[in-house]
Each structure stands twice: as structure tokens, then as C-alpha cells.
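Good morning, and thank you for joining this meeting. Please look at the sequence and the structure as I show them, and follow the side chains with me.

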Amino acid sequence: EREIKLVFDKFYPSLETTIAIIKPLAVSKNADEEIVETLKEKGFHVEKEKRFTFTADQAKAFYDSAKDT
């Protein structure tokens, strides 16, 4: 693990990733594009965009896992 970190840090010393989830209410109000543009204006780079709808079970699992971090 240490060797991988050292090699990775050499090429990407300040690499950080952030996930952004836009809630359904914002999408239903057509605010999603404005939110993405605001993120870009604030210096975020959108590496990948995927649109989907969580099932109730998926949403619960996601939010339960995020509580631990």
C-alpha cells in the first residue's frame, strides 16, 4: 500500500475527488444544470456525470454508508 501511495502521489500529489448528488426536487425544478454550472464556477471539474434514480433501498444503503464517514 505504501509503495502504491508513493507512486500515485508522485503523479497526482493533490488529487481529491468529490461526489455531488442532486436531489430529485432540484431536478424537478430544472435547477440541476444551474447547480452543475455553479460547481464548475467554484473550480470543480466534472469528470463524469451519471443520471439515475435510487430505489428506496439504494438510497437507504447510500445514506447509511455515508453516516460512517
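Lys40 has a relative accessible area of 42% and is therefore partly exposed; buried means under 20%, exposed over 50%, and partly exposed in between, with a 1.4 Å probe and protein chains only. The side chain of Lys40 meets that of Glu37 in a salt bridge, at 3.7 Å from N to O. By salt bridge I mean a side-chain nitrogen of Lys or Arg within 4 Å of a carboxyl oxygen of Asp or Glu. Lys40 and Glu37 are three residues apart in helix α3, so about one helical turn separates them. Helices (H or I, at least four residues) and strands (E, at least two) are DSSP runs, numbered from the N terminus. Glu37 is also partly exposed, at 38% relative accessibility.

I should state the basis of these values. This is a predicted model, in which local features need pLDDT of at least 70 and side-chain atom pairs count only at pLDDT 80 or more, while totals for chains, interfaces and linings use all residues. Residues are numbered from 1 along each chain as its sequence is written, and side-chain values use heavy atoms, with hydrogens and water left out.

How many salt bridges does a search of the whole structure find? The search finds five. Side chains of opposite charge can pair when their charged atoms come close. One of the five joins Arg51 to Glu33, with the closest N and O atoms 2.8 Å apart. Because Arg51 lies in the loop between α3 (32-41) and α4 (56-67) and Glu33 in helix α3, this pair ties together parts that are 18 residues apart in sequence. Arg51 also forms a salt bridge with Glu49, where the closest N and O atoms are 3.1 Å apart. Through shared partners, salt bridges join Asp32, Glu33, Glu49 and Arg51 into one network. Within this network, Glu33 is partly exposed at 44% relative accessibility, and Glu49 is partly exposed at 48%.

Finally, I turn to a nonpolar surface patch. Ile19, Ile21 and Tyr63 make a patch of about 310 Å². Patches are made of residues with over 30% relative accessible area and no salt bridge: like charges are joined within 9 Å, nonpolar side chains (Val, Leu, Ile, Met, Phe, Trp, Tyr) within 5 Å. Ile21 is found in the loop between α1 (2-11) and α2, and is partly exposed, with a relative accessible area of 39%.

Methods:
Accessible areas come from the Shrake-Rupley method with a 1.4 Å probe; for residues, only the protein chains shown count as cover.
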